[in-house]
Amino acid sequence: MGQQFPDIVSVEWLRDHLDDPTLAVVDSSTHLTLPKDGPYSVEPGRATYDSAHIPGAVFADLLTDFADPDSAEAWTAPASERFASAAGALGIGDGVRVVVYDQHDGYWATRFWWHLRLEGFDDVAVLDGGLPAWKAAGAPVTDAPVSPTAATFTARRRDDLIRSTQQVRDAIDDDKTVLVNVLDPATYRGDASTYARSGHIPGSINLPVAQIRDPETGLLRPVAELRALFEDAGLLDPGVTPVTYCGGGIAATGVAHALALVGRDDVAVYDGSLTAWTADDSLPLTVGADPR
């Protein structure tokens, strides 16, 4: 599909188009518990979807159906064939447009946005503010079950939108690649022990994902503000390719999505992120506020 759809839509837009038969609304909620110190825990959002979701929305389980069952890391991008089968079962396919949301901070929604783009599907938008914004606007929710009509999803993997651990290792000293750690500054510096080892990948800059949203509303900051943020970080230079990473490849997609809104739709995501990187003692880490 060619690009026919924006990367983000408002609550008002979705409310006006909710009855469009060519529109698939997807709840990709997953519950991540991240303590101040120590390892994170995660579970599917199926139960909360069942209790309240946008009318007509289907549920995408990013921990099972849309993950590689043989990977050592949770929610690793699956093979194209597995993804295509799971997407088709939800009614996502040729001629369909998708709006995805989640029930929290929006990064599980951007994860599914990235998944779809990785497989060559462009007609996908993220609901700005997700379910919290939808509820705040007084829009309806339901607990009614949804039975999607299966579709045929044609996967066309874009290898340039994903990076493996080896590729990131090879890019540490590549001046055409900018590695972007989107975690909070304390974790970037190595002051927290969330992962197997502390610190950041050498050479990576820190751009906390929290900076892309308005903390009061949960909505994305205006495009002009995002552009200024990314320009200051050197991420709009056409001569470099940003590669975002976080703890497990989720928040990294939030920054990738925000960069797409300002015209950088070529951003790659390190899927394994620090969970994979820190598990290998042979891979280097830097502690402190500086990239190196």
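Let me start in the middle of the chain, where strand E11 and strand E12, the latter covering residues 268–270, pair in the parallel sense over two bridges, with valine 269 in E12 serving as the bridge partner of threonine 244. To get from E11 to E12, the chain passes through helix H9, residues 251–261, and this β-α-β crossover is right-handed. Please keep in mind throughout that this is a predicted model.

Staying with E11, we can look at its pairing with strand E9, residues 177–181, which is also in the parallel sense and runs over five bridges; here threonine 241 in E11 is the bridge partner of threonine 177. How many of the five residues of E11 are buried? Four of them are, taking buried as under 20% relative accessible area, and so this strand, residues 241–245, is largely enclosed by the rest of the structure.

Now to the other sheet I want to show, an open one in which five strands follow the order E1-E7-E6-E2-E5 with parallel pairing. Strand E1, at 8–9, and strand E5, at 58–59, stand at its edges, and because each has a single partner strand, one side of each is left without a neighbour in the sheet.

Within this sheet, strand E6, residues 97–101, and strand E7, residues 124–127, pair in the parallel sense over three bridges, and alanine 125 in E7 is the bridge partner of valine 99. Lying across E6, E7 and strand E2, which spans 23–27, is helix H4, residues 107–118, and this helix runs at about 175 degrees to E7.

Notes. Residues are numbered from 1 along each chain as its sequence is written. This is a predicted model: local features need pLDDT of at least 70, side-chain atom pairs count only at pLDDT 80 or more; totals for chains, interfaces and linings use all residues. Side-chain values use heavy atoms; hydrogens and water are left out. Two strands pair if DSSP finds at least two bridges between them. Helices (H or I, at least four residues) and strands (E, at least two) are DSSP runs, numbered from the N terminus. Contact means heavy atoms within 4.5 Å. Axes are lines fitted to C-alpha atoms, for helices over the stretch in contact, and angles run from 0 to 180 degrees between N-to-C directions. Buried means under 20% relative accessible area, exposed over 50%, partly exposed in between (1.4 Å probe, protein chains only). A crossover is right-handed if, with the strands pointing away from the viewer, the path from the first strand over the helix to the second runs clockwise.
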